[in-house]
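Grab a coffee and open the model in your viewer. Below are some short exercises, each followed by a worked solution.

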Amino acid sequence: MHLAKDHYLTRIFFLTSFLISIVFYAYFSLTTKSSNAEQEKAVKTQEVEPVPKSTTVTGAVKYSFISSILSSGLSNSELKSLLSLLGDNFDIIKSVNNGDKFSIKTQHDTTDTEFVSAFYYMGSDIDFFAMRGTDDNIYIENGYRLNNRYSFPLPKHFRVSSSFDLNRKHPITNRILPHFGTDYATPVGTEVLSLSDGIVMKSLYNRFAGNYLTIKHTDGNYARYLHLSQIDVNIGERVTKGQIIGLTGNSGRTTGPHLHLELSVAGAPVDFEKYIKAEKSYNEQFVYIAQAERKQLIKSLTKTLPLNQPST
Ligand SMILES: [Zn+2]
């Protein structure tokens, strides 16, 4: 009797626990399901995050580049944005011919201001593409940055024999004698190339610098090229980026043939080696984006305008 009662109680106990576990199981599985659903919903809302508003306009050149751009539907402020995107990488006079076609993508930034994010030009002379990266730099389809202001002053990278050093001590006098430039050890007669577009301000000889050139670049910065064996440009002459301006040498006070290059930014000498490294010109991240953008612009162009030009 005693045993039977115990057995009965045990059964009730197990039954109750069983029911409780079912209730808990049902509760938990339901809440998990609903939180899964919420997660899915969250993922979905993330997927439909606002895509920046963009518009693509296309057109053909009739006489002037600017008027053709404006008549394609670009506003004045968008035209300004386009010109800043092109910089001096696209000649709106020389590269442009009647009948050339263009495709322009405009977007709205976070303050809802319109700007030109990409440009494609299908010309009889040139095929040109440029886009503004999310870092605000300008890239072409292979991921190269266009607004890289300076090229290298020599055909290849020669060894730095003496770096830029504001606290350089003179080896004999032990006095601090700053070195405002970078010395590249080059054989005499190596071509010296202009860092950027500019105008020749000085072409002189002095016993320390030897034959040297001072060029004021279009951004207002000055570059000096010292110890040359030959100078190929005259004062007042306009030079372009990469143009040969002279040959390296050993003139003036040197311990061996080299090019001493000095760059002054906003009036103060800077370490050219560090400066150009910071201006790294290639960005892998933008290769795919730029290629996709270019394809899209070509697509809009072929969709909206008849193409009568042979592809080159
Ligand atoms: Zn030097």
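First, some vocabulary. A nonpolar core is a set of buried Ala, Val, Leu, Ile, Met, Phe, Trp, Tyr and Cys residues joined through C-beta atoms within 7 Å. A residue is buried if 20 or more other C-beta atoms lie within 10 Å of its own, exposed if 12 or fewer, and partly exposed in between, with C-beta atoms placed from the backbone. Helices (H or I, at least four residues) and strands (E, at least two) are DSSP runs, numbered from the N terminus.

Two housekeeping notes. The model is predicted: local features need pLDDT of at least 70 and side-chain atom pairs count only at pLDDT 80 or more, while totals for chains, interfaces and linings use all residues. Residue numbers start from 1 along each chain as its sequence is written.

**Exercise 1. Find the members of the largest nonpolar core that touch the most other members, and say which elements build that core.**

Step 1: The core has 27 residues, and the best-connected ones are Leu82, Leu85, Phe119, Tyr120 and Ala130.

Step 2: At least two residues each come from α2 (65-71), α3 (76-86), β2 (101-108), β3 (114-122), β4 (127-132), β5 (138-139) and α5 (285-304). The largest share, six residues, belongs to β3.

Step 3: Zoom in on Leu85. Leaving out residues up to four places away in sequence, Leu85 touches Val116, Phe119, Ala130, Arg132 and Ile138. Here, touching is contact: C-beta atoms, placed from the backbone, within 7 Å.

Step 4: Don't stop there, as a second, separate core of 18 residues includes Tyr212, Tyr225, Leu226 and Phe272. As background, nonpolar side chains tend to be buried together in soluble globular proteins.

**Exercise 2. Check the length of α5, then work out how its buried residues are arranged.**

Step 1: The expected span of a helix is 1.5 Å times one less than its number of residues. For the 20 residues of α5 that rule predicts 28 Å, and the end C-alpha atoms are 30 Å apart, which agrees.

Step 2: List the buried residues of α5: Phe286, Ala290, Glu293, Arg294, Leu297 and Leu301.

Step 3: Look down the axis of α5; the buried residues fall within an arc of 100°, so they line one face of the helix. The arc is that of the directions from the helix axis to the C-beta atoms.

Step 4: Match each side to its surroundings. The buried residues of α5 pack against β1 (54-60), β2, β3, β4 and β5. The face turned away from them carries the exposed residues Tyr288, Ala292 and Lys303.

**Exercise 3. Repeat the analysis for α3, and see what follows that helix.**

Step 1: Buried in α3 are Glu78, Ser81, Leu82, Leu85 and Leu86. They fall within an arc of 135° seen down the axis of α3, so they line one face of the helix.

Step 2: Their cover includes α2, β2, β3, β4 and β5.

Step 3: Just after α3 comes Gly87, with a positive phi of about 50°.

Step 4: Now jump to Asp136, in the loop between β4 and β5. Asp136 counts as exposed because it has 8 C-beta neighbours inside 10 Å. Asp136 and Leu85 are 51 residues apart in sequence, and their C-alpha atoms are 9.6 Å apart in space.

**Exercise 4. Trace the pairing partners of β11 and classify His227 as buried or exposed.**

Step 1: Two strands pair if DSSP finds at least two bridges between them. β11 (222-231) pairs antiparallel with β10 (210-217) over five bridges. Ile215 has Ala223 in β11 as its bridge partner.

Step 2: Four residues separate the strands in the hairpin of β10 and β11, where Gly220 takes a positive phi near 95°.

Step 3: Five bridges also join β11 to β14, again antiparallel, and Ala223 has Leu263 in β14 as its bridge partner. With β13 (244-248), β11 forms three antiparallel bridges; Ile231 has Gly246 in β13 as its bridge partner.

Step 4: His227 lies in β11. With 25 C-beta neighbours inside 10 Å, His227 counts as buried. Its phi is near 65°, a positive value in a residue other than glycine.

Note on methods:
Two residues are in contact if their C-beta atoms, placed from the backbone, lie within 7 Å.
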